[in-house]
Structure formats: C-alpha cells, structure tokens
Amino acid sequence: MHISEVSFAEIDGISFQIPYPPAHHGRIMMLGEFPKLLPNEEYERYAKAAIPFLKANFEKCGAINYPVNLKCVFYVNKQHKGTFSGYLQAVQDVLVEAGILEDDNGNVVASVNGSEVLYDKENPRTEVTIMRKSNDNGQLVSKPEQMKGDILL
C-alpha cells in the first residue's frame, strides 16, 4: 500500500524526506510603523518545489489535526546560514500549505523534540518525523484536551 492511500487518522507516526535545501522563513520588513515577517526569495523557491512534491505524495491522507511531535533534521549545504527557528517556521508553513498539518499552532505541533540543524554540503534536505503525542498515561491522543499536564496555546 502506498502512503498516499493511508489516512493520517489511522497511523501513529510517519517519516519522510523533503529533498530540497532547507530554507530560512523570511525577513522582517517595516510596513508603516509596524514590523511584518515576509517570505524571502529562498523560502519562495523552497515552497515552490516542496509543496507540489508533498501534495503529490500526501494529498489523499487528510490533514493532521491532533497533537504531534514534529521532529525535523535540517541538513543545510552552507554553514552558519539561517536560524533554527527560521527553518522550523518554514517547514511548518510548507506542511500546512501542502495539507499535511491542519495548522502549526500548539494544539497540533505540540513539540519539536529531536529537531536539529546539521551540515551536509552534498545532500541538503529535511528529514521529517511526525509522531502522535501520548498523554501522561502513555495513551495516544487525538484531541488537545487529552494532553493532561501540557500547556496549550
């Protein structure tokens, strides 16, 4: 069975690779008196490549709408470029736009444990693992309310 034939509601976790160089999300621009985060050219290229790739593989799976740990290992091809939080924001936005995550708020992306930025000049990519969160009793949860003891936004 191909992954595109599985509903995310039926599984506890999934791992996949986005085979494009990770991108930092954006740049801060002043619009009038207020700063606004806007996508930069690097993010636009990343999203243009990654979103169709993800949709082609996961379009029929339905969006994840329950608490998960989103582990992202970013393999960048340039050292000292971008920030960890910028990479996380970019991949979350791409996963939402591709329909894999319903939203990237704390009720869905409850944690990012295990995420890191590493250097691989020859093969830049993002390795993504999405695992359903469990509550204090070790039971898998399907709603944010079942995450006893966790802080919800």
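Here is a friendly set of questions and replies about the structure above.

Me: What kind of model is this, and how are its residues numbered?
Reply: This is a predicted model, in which local features need pLDDT of at least 70, side-chain atom pairs count only at pLDDT 80 or more, and totals for chains, interfaces and linings use all residues. Side-chain values use heavy atoms, with hydrogens and water left out, and residues are numbered along each chain as its sequence is written, from 1.

Me: Which pattern do the helices and strands follow along the sequence?
Reply: Helices (H or I, at least four residues) and strands (E, at least two) are DSSP runs, numbered from the N terminus. The protein has 2 helices and 7 strands. Read along the sequence, their pattern is β-β-β-α-β-α-β-β-β.

Me: Which residue in the hairpin of β2 and β3 takes a positive phi?
Reply: Two strands pair if DSSP finds at least two bridges between them. Strand β2 (residues 26-31) pairs with strand β3 (residues 34-39) in the antiparallel sense, over 6 bridges, and G26 has P39 as its bridge partner in β3. The hairpin has 2 residues between the strands, and the one with a positive phi, near 70°, is G32.

Me: How far does helix α2 reach from its first C-alpha to its last?
Reply: Helix α2 covers residues 84-97, which is 14 residues. The expected span of a helix is 1.5 Å times one less than its number of residues. For α2 the expected value is 20 Å, and the helix comes close to that, with a reach of 20 Å.

Me: Which residues of α2 are buried?
Reply: Buried means under 20% relative accessible area, exposed means over 50%, and partly exposed is in between (1.4 Å probe, protein chains only). The cover over the buried residues of α2 includes β1 (13-18), α1 (41-58), β4 (68-76), β5 (109-111), β6 (116-119) and β7 (125-132). The buried residues themselves are G86, Y87, L88, A90, V91, Q92, V94 and L95.

Me: Which element gives the largest share of the largest nonpolar core?
Reply: A nonpolar core is a set of buried Ala, Val, Leu, Ile, Met, Phe, Trp, Tyr and Cys residues joined through side-chain atoms within 4.5 Å. This one has 32 residues, of which F16, L54, L95, V128 and I130 touch the most other members. Two or more residues come from each of β1, α1, β4, α2 and β7. The largest share, 7 residues, comes from α1.

Me: Which residues does L54 touch, not counting those up to four places away in sequence?
Reply: Contact means heavy atoms within 4.5 Å. Leaving out residues up to four places away in sequence, L54 touches F16, I18, E59, V94, L95, A98 and I100.

Me: Is Y75 buried or exposed?
Reply: Y75 is found in strand β4. Not counting residues up to four places away in sequence, Y75 touches P22, L118, D120, N123, P124, R125 and E127. Because its relative accessible area is 16%, Y75 is buried.

Me: How does N65 count in terms of relative accessibility?
Reply: N65 lies in the loop between α1 and β4. N65 and N107 are 42 residues apart in sequence, with 8.1 Å between them in space, C-alpha to C-alpha. Since the relative accessibility of N65 is 41%, this residue counts as partly exposed.
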